[in-house]
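Here are my notes for you, written as a colleague might jot them down while looking over your shoulder. Please have the viewer open and turn the structure as you read.

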Amino acid sequence: MTSPFRNLWLKWKSFQFPWRKRWLAGIDLAGNTYYYFRSTLTSRPRRILQSNPLIPHSDIQIPVQWHQWLRYTRPSAPSVQELQIDVQRKAQLKQLAAAADARWASKPSVLDAPRRRNQELGVGDGEGRVGTVGRKGESAESGGEAQGQKLGEGTKGEDVRDSWGEGEKGRGENPWIKQRPSRAGEEWQPESWQPPSSR
């Protein structure tokens with residue numbers, strides 16, 4: 001809230017007298033003042049900002065409405081009431097955005113489905129990563145060894161490991177060992193050739 005004396009002073013500065021080179025257009029909530037001033041190059045009045053001397057130049061923030069006015073994209077200068085309404089609108093928008101984020105965080109995410117499935121199966125660390133097996137913190141190598149021991153144990157002491165390795169006793173012969181049916185010219189190899197000696 002500005003004092004009555006300051007309101008009278010601003011009203012006096014806004015009068016456009018013929019001898020004045022510049023006159024007040026308005027102020028913002030930070031105390032910055034905006035002026036029209038006469039230019040010798042054009043008949044149209046120019047627009048300028050005079051910042052608040054109590055605010056450092058690095059901390060000066062021009063409202064969007066006054067920025068539009070300085071760039072001639074807005075014909076009339078904004079009022080203080082308009083700036084106050086815009087500040088209230090931004091505060092309400094932040095509250096609505098925070099409430100929307102809270103509602104979104106409370107809903108189950110699609111990314112939680114693999115994490116819950118791994119916890120039910122006892123695979124992974126519960127975080128959906130593939131590099132770990134078993135309980136959280138158990139390495140993939142130790143988990144793989146545990147699974148290998150389980151697979152290596154037979155019901156009657158038989159070796160049920162991969163039948164393609166050593167000690168084949170499980171699921172039969174390796175199908176890749178069987179010879180494929182021969183075809184004509186499949187076993188043909190070219191004879192060695194040496195160039196004749198030059199004379």
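The numbered points below go from the whole chain to its core, a pocket and one loop residue.

1. **What you are looking at.** Please keep in mind that this is a predicted model. The chain has five helices and three strands. If you trace it from the N terminus, the order of elements is α-β-β-β-α-α-α-α. Try following that order with your finger on the screen.

2. **Surface and interior.** How much of the chain is buried? Of its 199 residues, 15% are buried. The chain exposes about 17,300 Å², and carbon and sulfur atoms supply 55% of that area.

3. **Contacts along the chain.** Consider the contacts with a separation of 6 or more. Among these, 21% join residues that are 24 or more positions apart.

4. **The largest nonpolar core.** Which residues make up the largest nonpolar core? There are six: W23, Y34, Y36, W66, W69 and L83. Two elements, β2 (33-37) and α2 (64-70), each give two or more residues to this core. As background, nonpolar side chains in soluble globular proteins tend to be buried together.

5. **A closer look at L83.** This core member is worth selecting on its own. Setting aside neighbours within four places in sequence, L83 is in contact with I27, D28, L29, P63, Q65 and W66. One of these partners, W66, also belongs to the largest nonpolar core.

6. **The second largest pocket.** L83 turns up again here, as one of the residues lining the second largest pocket. Its companions in the lining are D28, L29, A30, Q61, I62, P63, V64, Q65, D86, V87 and K90. Both α2 and α3 (80-106) give two or more residues to the lining, and α3 has the largest share, with four. The space in this pocket is about 220 Å³.

7. **What kind of lining is it?** The lining residues of the second largest pocket divide into seven nonpolar, two polar and three charged. You could colour them by type and check each group for yourself.

8. **An unusual backbone angle to find.** Where does Y72 lie? Look in the loop between α2 and α3. Y72 has a positive phi of about 65°, although it is not a glycine. Is Y72 buried, exposed or partly exposed? Its relative accessibility is 30%, so Y72 counts as partly exposed, since that class falls between the buried limit of 20% and the exposed limit of 50%.

Key:
Residues numbered from 1 in each chain as written. Predicted model: local features only at pLDDT ≥ 70, side-chain atom pairs only at ≥ 80, totals over all residues. Heavy atoms only, no water. Core = buried A, V, L, I, M, F, W, Y, C linked by side-chain atoms within 4.5 Å. Buried < 20%, exposed > 50% of the residue type's maximum accessible area, 1.4 Å probe, protein only. Contact = heavy atoms within 4.5 Å. Areas by Shrake-Rupley, 256 points an atom, 1.4 Å probe, with all protein chains shown as cover. 1 Å grid on protein atoms, 1.4 Å probe; cavity = no way out; pocket = protein on both sides within 12 Å on 5 of 7 lines; lining within 4 Å. Points joined across faces, edges and corners; volume = space filled by probe spheres on them. Nonpolar A, V, L, I, M, F, W, Y, C, P; charged D, E, K, R; others polar.
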